[in-house]
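Student: I'd like to learn how to read a protein model feature by feature. Could you walk me through one?

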Amino acid sequence: MHETSDLRSDTVTKPTEKMKRAGMTAELGDDVMRDDKTTILLEKTAAEITGKEDALFVTSGTQGNLLALSVHSEPGSEIIMDEQSHTFVHEQGGVARIALCQPVTLPMKRGMMDLDRVREKVRAEDIHHPRTSVIECENTHNRAGGVPLEMEYLKGLRRIADECGAKVHMDGARIFNASVATGIAVKEYAAEADSVMFCLSKGLCCPIGSILAGPAEFVAKARRMRKVLGGGMRQVGFIAAAGIVALEEMVERLAEDHRRARVLGEAVAGMPGLSVDLESVRTNMVYFSVEKGPASELVERLAAEKVLCFAEGDNRQIRMVCHKDVDDDDIDRAVEALKKAV
Ligand SMILES: *Cc1c(COP(=O)(O)O)cnc(C)c1O
């Protein structure tokens, strides 16, 4: 049994032994000079999986999103995103600080904005107006409970972007979770966006890193911009090697995380004092509401029972995330702890 049941995030996953060995034995070189064969192989593999011309290994998902939004936009333009998106809520306003763009936000439902409202937000050409440069979507959508986006929605965003000459960027931090849950290939999702970012460091268990994929010209610009942000890395094959292992053998096991999240969600659904929208439990997360808040107090009581998680959403919700380092016993412990602590 694990010392604690750590349901805070899939970012806490430790690399596998095979990943560590792959790093130790990887062929290395200076990647800023494009001498690192391991990183080049990871990028090539990621480009194939996403169906894009090229891909770039970046330090984090935040960096990948920022690069994409910077490259797709011009200063003073607008980026449409939902108001619960990671980019709007969790990236310290990088879009404003570094890409020099203004975010335009809309509410979302199940991770999706209303397409008519998106269309209304697109700017008409006028000397007074900023231009609409990018529309962003998040797949899976974290704050909507980790739900995969519907293809129809993605096609709708694509159409709107094409009509106005904007780009679509997909924050696909957990796109592999979406793909495993729905059976829709990563490539198929990515085809509806100009660029896609995904994290290696979450459910795929790498210690560090994300991927940004898109057209070759876009990736070349992102590579230059990554250097501006201090993200030009040298013998980075040392960590990219883990990414290759992740893409080869850590994807299918995400289904186990989804199964455990479902078990946990259904248990929570039966508990007085808590409520969960089971339709939102589609991948590896369970968001549930605490009737008698604040949620942070329940989080503390759970921690005393060795169950770790975070309070969210105005301190009225709790998020629990399943991942490689959470097993069936951890789920049992979480359920027992909740029964005791609520
Ligand atoms: C985690 C996450 C990111 C960014 O990841 P970091 O690697 O932590 O910077 C971006 N988008 C979503 C939806 C995420 O969950």
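Student: Where is L100 found?

Tutor: This is a predicted model, and in it L100 lies in the loop between α5 (94-97) and β4. Look at its backbone: phi is positive, about 60°, although L100 is not a glycine.

Student: Which peptide bond is cis?

Tutor: For that you check omega. The bond from N139 to T140 is cis, with omega near 0°. T140 sits in the loop between β5 and α7 (151-164).

Student: On to the sheets. In what order do the seven strands of the open sheet run?

Tutor: Read the order from one edge to the other: β2-β8-β7-β6-β5-β3-β4, with mixed pairing. The edge strands, β2 (54-58) and β4 (102-106), each pair on one side only. From one strand to the next, the twist averages 20°.

Student: How many bridges join β3 and β5, and in which sense do they pair?

Tutor: Strand β3 (residues 78-82) and strand β5 (residues 132-138) pair over three bridges in the parallel sense. If you want a spot to zoom in on, I80 stands opposite I135 in β5.

Student: Which strands does helix α3 touch?

Tutor: Packing is read from contacts plus an angle between directions. α3 packs on the sheet and touches β2, β3, β5, β6 (167-171), β7 and β8, and its direction makes about 180° with that of β6. Then there's helix α2 (residues 37-50), which lies across β2, β7 and β8 (210-214) and runs at about 125° to β2.

Student: What is the strand order in the four-stranded open sheet?

Tutor: That one goes β9-β10-β13-β12, and the pairing is antiparallel.

Student: Why is one side of β9 and of β12 left without a neighbour in the sheet?

Tutor: Because β9 (274-275) and β12 (310-312) stand at the edges, each has a single partner strand, so one side of each has no neighbour in the sheet. Further in, strand β10 (residues 285-290) and strand β13 (residues 317-321) pair over five bridges in the antiparallel sense. Take S289: its bridge partner in β13 is Q317. Helix α12 (residues 254-269) packs on this sheet too, touching β9, β10 and β13, with its direction at about 15° to that of β10.

Student: Now the ligand. How many residues surround the ligand, and which are the closest?

Tutor: Start with the shell, taking a residue as part of it when a heavy atom lies within 4 Å of the ligand. Here 14 residues surround the ligand, and the closest are G61, T62, D171, R174 and K202. By type, the shell divides into three nonpolar, six polar and five charged residues.

Student: Which atoms of G61, and which of K202, lie 2.8 Å from an oxygen atom of the ligand?

Tutor: Always ask whether a contact comes from backbone or side chain. For G61 it's a backbone N or O atom, 2.8 Å from a ligand oxygen. For K202 it's a polar side-chain atom, also with 2.8 Å to an oxygen of the ligand. N142 puts a polar side-chain atom 3.5 Å from a ligand oxygen.

Student: How much of the ligand does the protein bury?

Tutor: Compare the ligand alone with the ligand in place. Alone it exposes 380 Å², and the protein buries 85% of that.

Student: Which elements give two or more residues to the shell?

Tutor: Those are α3 (61-72) and β7 (195-199). The largest share, three residues, comes from α3. You've already met that helix: α3 packs on the sheet.

Note on methods
Residues are numbered from 1 along each chain as its sequence is written. This is a predicted model: local features need pLDDT of at least 70, side-chain atom pairs count only at pLDDT 80 or more; totals for chains, interfaces and linings use all residues. Side-chain values use heavy atoms; hydrogens and water are left out. A polar contact is a pair of N or O atoms within 3.5 Å; within protein, one must be able to donate a hydrogen and the other to accept it, and residues adjacent in sequence count only if both atoms are side-chain atoms. Accessible areas come from the Shrake-Rupley method with a 1.4 Å probe; for residues, only the protein chains shown count as cover. Ala, Val, Leu, Ile, Met, Phe, Trp, Tyr, Cys and Pro count as nonpolar, Asp, Glu, Lys and Arg as charged, and the others, Gly among them, as polar. Two strands pair if DSSP finds at least two bridges between them. Contact means heavy atoms within 4.5 Å. Axes are lines fitted to C-alpha atoms, for helices over the stretch in contact, and angles run from 0 to 180 degrees between N-to-C directions.
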